[in-house]
Structures are given as structure tokens and as C-alpha cells.
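The following exercises concern the fold, the packing and the local backbone geometry of a single protein chain. Each task is followed by a worked solution.

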Amino acid sequence: MNKKTDHQWEIEKLKELKQLKNKPSLLMHSCCAVCNSWPLEYLYSVFDITLYYNNSNIYPQSEYDHRLGELHKYVDLFNENHKTNITIIEEPYDYETYHKTYLVKRSEDREGAQRCGMCYALRITEALKYASVHKFDYVTTVMTISRQKSADKINGIARKLATGYPEVHYFYSNFKKEKGIDFSVNVSKGLGIYRQEYCGCEYSTDNLHEE
Ligand code: SF4
């Protein structure tokens, strides 16, 4: 028998959750406005969403601030248009420590390899911890929408980490599917929302591409 893919699981889970009387809460790890655009559109009618901006991987600080500013701009617009009240939790930014403690140890890795796996895992772990402490029903990350990132890899990492937080459900996703990619491109072009040309850390600035 064929194993269910994460995307099939996602579709079935959404059907099930739509039947609930009350929306479950979802903590959504967010990295920027364009990556967040489709996940918000796709899930806001099913979940009570809170965004979690925790990205000490972004270099330099001006880039971090710019991405956060654009996210606020997009979420304000989204709330106005959809009559929602989505808020953003911001964790403190500390690239220096993040770089010294983690990234520099895998500085030679190509993008998408072990350094990135570690970077996804660190941010997913912090989202799981926050969701657990603050009693969210579900947690996820928007990173699966990136054309440069493997949804299978991110979901695989999350699956292992989530076993340590049985009180929170992880929402496995592939936000590239459905209308994800086209939607995010249209948001960036149509609304003039900033779309960065590198993933985040200083090593990724050698590999410019649209996220
Ligand atoms: S390229 Fe992106 S995911 Fe990979 S280590 Fe750098 S910031 Fe993290």
C-alpha cells in the first residue's frame, strides 16, 4: 500500500478541521511577508493564526528589520481585507550568537545541505517550544513554500522534533502546492511587497535567487 504523502495528509487534515465548531490555534513560524502570503490565505479560515518571527539567521540586521517591516505591512493589509486579527510575536534578534554558535561550524556547506538542515531544526524547535509553553493546538513553518527548500526535508526534521512535544500537533505542509508559488509571486509583484534574493545568512548571499 502506498504511504500517504505529507501533502495528502495536509489536505485530509484540513477537511477534518473544517468540521470543527471552533478554530484550533496555530503558531506559524514566519520568515518574511511573501513566504507568509499563501499560508495565511490558505489557512486563515481553518485556524486562529499567530505568526512567530524568530529568525536570527538573517544577515545583516538591516535586512532582518526590512523583512519584518514588510511582514507587518502585509499582515496589516491582510487583517484589514479579511477582518482578522492576526498578530506577530517577535523573538529577540542575535545573528552574532547564532552565527558563532551554529552557522560558522558548517560554513563550507552548500545551500540546502547540513547547515540549512540545522538552521531549519533550530527555528522549528523554538516554535515547538513556544507553542507548547503557550498552549497552541498546532504549529507549522512557512518555509516549505520556498522553491529553494525541500518540503520533505523540512517535514522530516519537524516530524522527529515534534516527538519531544506531544502536547502540540505539527501541521505538515507543502505550501508550494495548491496555488502557493503563483500567489506569492503575485503578492510581491502586485502589492510591491519585498521579495529577497537570498535565504538569510551571510553564506547565502553568494547564491542570489528569488526566494
Ligand atoms: S542558507 Fe538559509 S536556511 Fe541555510 S543556513 Fe543560511 S539562513 Fe539558514
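**Exercise 1. The nonpolar cores**

How many residues has the largest nonpolar core, and which residues have the most contacts inside it?

Solution. The model is a predicted one. Its largest nonpolar core comprises 43 residues, and L26, L27 and V139 have the most contacts inside it. At least two residues of this core come from each of strand 1 (25–30), helix 2 (33–43), strand 2 (48–53), helix 3 (61–82), helix 5 (114–133), strand 4 (138–141) and helix 6 (151–162). A second core, separate and made of nine residues, includes Y98, L103, C199 and Y203.

**Exercise 2. The fold and its sheet**

Determine the order of the strands in the sheet, and place L26 within it.

Solution. Begin with the inventory: the protein has seven helices and five strands, which follow the pattern α-β-α-β-α-β-α-α-β-α-β-α along the sequence. Next, consider the sheet, which is open, contains five strands in the order 3-2-1-4-5 and shows parallel pairing. Strand 3 and strand 5 (169–170) are its edge strands, each paired on one side only. Strand 1 and strand 2 run parallel and are joined by six bridges. Finally, L26 stands opposite I49 in strand 2. Beyond its neighbours within four places in sequence, L26 has contacts that include I49, Y138, T140 and F171.

**Exercise 3. Helix 2**

Is helix 2 largely enclosed by the rest of the structure or largely open?

Solution. Count the buried residues, a residue being buried if 20 or more other C-beta atoms lie within 10 Å of its own. Ten of the eleven residues of helix 2 meet this criterion, so the helix is largely enclosed by the rest of the structure. Among them are W38, P39 and L40. The buried residues of helix 2 pack against strand 1, strand 2, helix 3 and helix 7 (180–191).

**Exercise 4. I88 at the edge of the sheet**

Is I88 buried, exposed or partly exposed?

Solution. First locate the residue: I88 belongs to strand 3 (residues 87–90), an edge strand. I88 has 15 other C-beta atoms within 10 Å and is therefore partly exposed. Then examine its surroundings: not counting residues up to four places away in sequence, I88 touches L51, Y53, L71, H72 and V75. The C-alpha atoms of I88 and Y52 are separated by 5.8 Å, although these residues are 36 apart along the chain.

**Exercise 5. Backbone geometry in loops**

Which peptide bond is cis, and where do K135 and E178 lie?

Solution. The bond from Y59 to P60 is cis, with omega near -10 degrees; P60 is in the loop between strand 2 and helix 3. K135 is a residue other than glycine with a positive phi, near 60 degrees, and lies in the loop between helix 5 and strand 4. K135 has 9 other C-beta atoms within 10 Å and is therefore exposed. E178, also not a glycine, has a positive phi of about 55 degrees and is found in the loop between strand 5 and helix 7. E178 has 15 C-beta neighbours inside 10 Å and so counts as partly exposed.

**Exercise 6. The ligand shell**

How many nonpolar, polar and charged residues form the shell around the ligand?

Solution. Identify the residues around the ligand, among them N57, E111, R115, C116 and C119. By class, the shell has six nonpolar, three polar and two charged residues. The ligand surroundings also include L103, C199 and Y203, which belong to the second core.

Notes
Residues numbered from 1 in each chain as written. Predicted model: local features only at pLDDT ≥ 70, side-chain atom pairs only at ≥ 80, totals over all residues. Helix = DSSP H or I, 4+ residues; strand = E, 2+ residues; numbered from the N terminus. Buried ≥ 20, exposed ≤ 12 C-beta atoms within 10 Å, placed from the backbone. Contact = placed C-beta atoms within 7 Å. Core = buried A, V, L, I, M, F, W, Y, C linked by C-beta atoms within 7 Å. Near = placed C-beta within 6 Å. Nonpolar A, V, L, I, M, F, W, Y, C, P; charged D, E, K, R; others polar. Pairing = 2+ DSSP bridges.
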